[in-house]
Amino acid sequence: MNVNNTLLDPHSNTYRPGFAESFRSLFYVLLPSESSFSDVSKVPNYIDAALHPFIALILLELVVGLWKGKRVMRINDGISSLSAGTLSQLIKLVSAKSIEVSMYVFVYDKYSIADLPWDCAWLWIVTFLGVDLCYYWFHRGSHEINIFWASHQTHHSSEDYNLTTALRQSAIAGPIVMLFYLPLALFVPPPVYLVHKQFNLLFQFWIHTEIIDNLGPLEYILNTPSHHRVHHGRNAYCIDKNYAGTLIIWDRMFGTFVKEKSDEEIAYGHVHPINTFDPIFVQTGNLRQLVTRCWQTKGLWNKLCVVVKGPGWDVGKPWCGNLQDIPAIENPIKRYNHYLPYWLSTYAVVHYITLVPMYESMMKARLMLPGYIIIIDVAYFLFSLSCLGFLFDNKAYARHIEFLRCVGCALLLHMFRDNLQLSHHLPSTLFTALIAIYAGSVVIWVVVLMSGSKKKVN
């Protein structure tokens, strides 16, 4: 199979899957005949195309939760998870080429030991198993090697467990992930690998829920919501268990499987909670702590162990630390939370929704966007998501910064309207609506800040 440089631009010459096909991709129910492609550029971007099925299932989870009388999501935590997912995708704006795919293609070109047909059904099945096995070891390594955990911890930082948690992904894990999949490049053609890499990740979306209880016989084979709830728990029996992506058989084979206990409520999040909704800290906080801990640890060997052994390791302890060091779960379970007035919760939801059409158009047009537009886009998203995080954390300066953001966004959208509208292919009515929302928000914050000033004076 001939792989040339144009193939390093995945999804660059392909169609966008419709809602039904994208929905089926979440459950790995696309046939080999409809998901086999001759080169990387023709592989659909199933992950980008799944945005609408993601939204539909999140809304369905909320409705079912209300019907069952169960609160499945907090606004602050849900938007924090969605913000992490957004930031994890912004790296695609840095380069038209995929670093992960480029690494895989390089190894395949130089070192592949077999030239296998890309349209073979048995290879499709073998790759499904191979990608899932590689994911198991990547995932296990991400929990048992501290430098890898520093990126993967983003996904585990939520203290809720719902479908938005699935989207809470690391923005800096790409090159680390790729290392575990490179053995497949010895015989699996890049387009076959890329299809299954996406399907494997998408399958893990719907298992992030407490709405689904038990799936009967499927529990013995598949990774299910029940199994994955254990994986996200900080209860002592949950630590470093159930690493599976699609098939739970790997955990059963390698001794890391544990069944969910019906008599013990699972507490989610980090063993030591991060206690913030700041999207930048959610991504990088653990990495900062790792650097600090490494610097403060005495001895070169011990410094190395801090980096390459488990997060719970310390001098005189086993690789992953002692379970006895895991803090006891509070009863009732406590979650980091600041009171949000109803109006502020609604405000946050509205402002996150305003980012969705801009994000979707930006990702579609990323290969054609000029550099200065990319800079504006990335700054816009980073600042907007950070401001929402500041509001959720109830920072003293949060409302003042949000006021300035709304003023700046209203002015920039008005000043650069023609350029942004042309580059992002968005309708004029949407820009009018965005300017109106930001202008209205400026008025809201003027009233809120003046009311706060009057209370302080009185």
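Helix axes here are lines fitted to C-alpha atoms over the stretch in contact, and angles run from 0 to 180 degrees between N-to-C directions. Helices are DSSP runs (H or I, at least four residues), numbered from the N terminus.

This is a predicted model, where local features need pLDDT of at least 70 and side-chain atom pairs count only at pLDDT 80 or more, while totals for chains, interfaces and linings use all residues. Residues are numbered from 1 along each chain as its sequence is written, and side-chain values use heavy atoms, with hydrogens and water left out.

**Exercise 1.** Work out how helix H4 and helix H13 cross.

*Solution.* Start with the axes: those of H4 (residues 75-90) and H13 (residues 279-296) come within 8 Å and cross at roughly 70°. That makes the pair roughly perpendicular (65 to 115 degrees). Next, the hand: the crossing of H4 and H13 is right-handed (the near helix is turned clockwise from the far one by less than a right angle). Now list who touches whom, with contact meaning heavy atoms within 4.5 Å. H4 brings Ser80, Ser83, Ala84 and Leu87, and H13 answers with Pro279, Ile280, Val282 and Gln283. Sorted by class, that's 5 nonpolar, 3 polar and no charged residues. For the sorting, Ala, Val, Leu, Ile, Met, Phe, Trp, Tyr, Cys and Pro count as nonpolar, Asp, Glu, Lys and Arg as charged, and the others, Gly among them, as polar.

**Exercise 2.** Do the same for helix H16 and helix H17.

*Solution.* H16 (residues 371-392) and H17 (residues 398-415) have axes 9 Å apart and pack at about 150°. So they run roughly antiparallel (over 145 degrees). The crossing of H16 and H17 is left-handed (anticlockwise, in the convention above). Among the contact residues are Tyr380, Phe383 and Cys387 of H16, with Arg399, Glu402 and Arg405 of H17. The class count for H16 with H17 is 8 nonpolar, 1 polar and 3 charged residues.

**Exercise 3.** Explain why cysteine 134 has no bond to the closest cysteine sulfur, and check how buried cysteine 134 is.

*Solution.* A disulfide is a pair of cysteine sulfur atoms within 2.5 Å. The closest sulfur to that of cysteine 134 belongs to cysteine 120, 19 Å away, so it is too far for a bond. Cysteine 320 is in no disulfide either, with the sulfur of cysteine 305 nearest at 12 Å. Overall, the structure holds 0 disulfides. As for accessibility, cysteine 134 is buried at 12% relative accessible area, whereas cysteine 320 is partly exposed at 28%. Buried means under 20%, exposed over 50%, and partly exposed in between (1.4 Å probe, protein chains only).

Notes. Helices (H or I, at least four residues) and strands (E, at least two) are DSSP runs, numbered from the N terminus. Angles under 35 degrees count as roughly parallel, over 145 as roughly antiparallel, 65 to 115 as roughly perpendicular and the rest as oblique.
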